[in-house]
Amino acid sequence: MNLTDTIGAVAGVLTTISFIPQVLKIWRTRSAGDISYGMYTCFIGGVGLWLCYGLLIGALPIVLNNAIVLVLAILVIFFKYKVEKNKFP
């Protein structure tokens, strides 16, 4: 792995793990009132496009990290919906 790929991988890991505390907080507190559907909808669209871009150019760090972030962001929205409908496990 060259320096460029290493920087991309580290950046991807840091931005990916930044979502874990949000997911865990919603899971633990069963509260998601401050989460914006609009922001997360735009974010999920952008991450989906980054994932497509990574696939098209064959950039594994972009693909892996954006795939994980996409799942985490979808979980945040899913948890928010469940909390609002009082159907959170």
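**A walk through a four-helix chain**

Let's begin with how the chain meets itself: among contacts between residues at least 6 apart in sequence, 70% join residues at least 24 apart. Please keep in mind along the way that this is a predicted model.

What secondary structure makes up the chain? There are four helices and zero strands, and read along the sequence they give the pattern α-α-α-α. The C-alpha trace spans about 50 × 20 × 20 Å along its principal axes. Of the 89 residues, 31% count as buried. The accessible surface of the chain comes to about 5900 Å², and carbon and sulfur atoms account for 71% of that surface.

Now let's turn to helix H1, which takes in residues 3–17. Just at its start, Asn2 offers a side-chain oxygen that reaches to within 3.1 Å of the backbone nitrogen of Thr4. How does the length of H1 compare with what its residues should span? With 15 residues at 1.5 Å a residue, H1 should span 21 Å, and because its end C-alpha atoms are 21 Å apart, the two values agree.

Which residues of H1 are buried? They are Ala9, Gly12 and Thr16. These buried residues cover an arc of only 65 degrees around the axis, so they sit on the same side of H1. The other side of H1 carries exposed residues, namely Leu3, Thr4, Ile7 and Leu14. Thr4 therefore appears twice in this picture: its backbone nitrogen faces the Asn2 oxygen at the start of the helix, and Thr4 itself is exposed, because its relative accessible area is over 50%. As for what lies over the buried residues of H1, the cover includes helix H2 (20–29) and helix H4 (60–84).

Finally, have a look at the cysteines. How many disulfides are there? The count comes to zero. Cys42 is in no disulfide, and the nearest cysteine sulfur, that of Cys52, is 16 Å away. Why does Cys52 not form a bond with Cys42? The closest cysteine sulfur to that of Cys52 is the one in Cys42, and at 16 Å it is too far for a bond, because a disulfide calls for a pair of cysteine sulfur atoms within 2.5 Å.

Are these cysteines buried or exposed? Cys42 has 61% relative accessibility, so it counts as exposed. Cys52 has a relative accessible area of 42%, which means that it is partly exposed; that class lies between the 20% limit for buried and the 50% limit for exposed.

Conventions. Residues are numbered from 1 along each chain as its sequence is written. This is a predicted model: local features need pLDDT of at least 70, side-chain atom pairs count only at pLDDT 80 or more; totals for chains, interfaces and linings use all residues. Side-chain values use heavy atoms; hydrogens and water are left out. Buried means under 20% relative accessible area, exposed over 50%, partly exposed in between (1.4 Å probe, protein chains only). Helices (H or I, at least four residues) and strands (E, at least two) are DSSP runs, numbered from the N terminus. The expected span of a helix is 1.5 Å times one less than its number of residues. The arc is that of the directions from the helix axis to the C-beta atoms. Contact means heavy atoms within 4.5 Å. A polar contact is a pair of N or O atoms within 3.5 Å; within protein, one must be able to donate a hydrogen and the other to accept it, and residues adjacent in sequence count only if both atoms are side-chain atoms. Accessible areas come from the Shrake-Rupley method with a 1.4 Å probe; for residues, only the protein chains shown count as cover.
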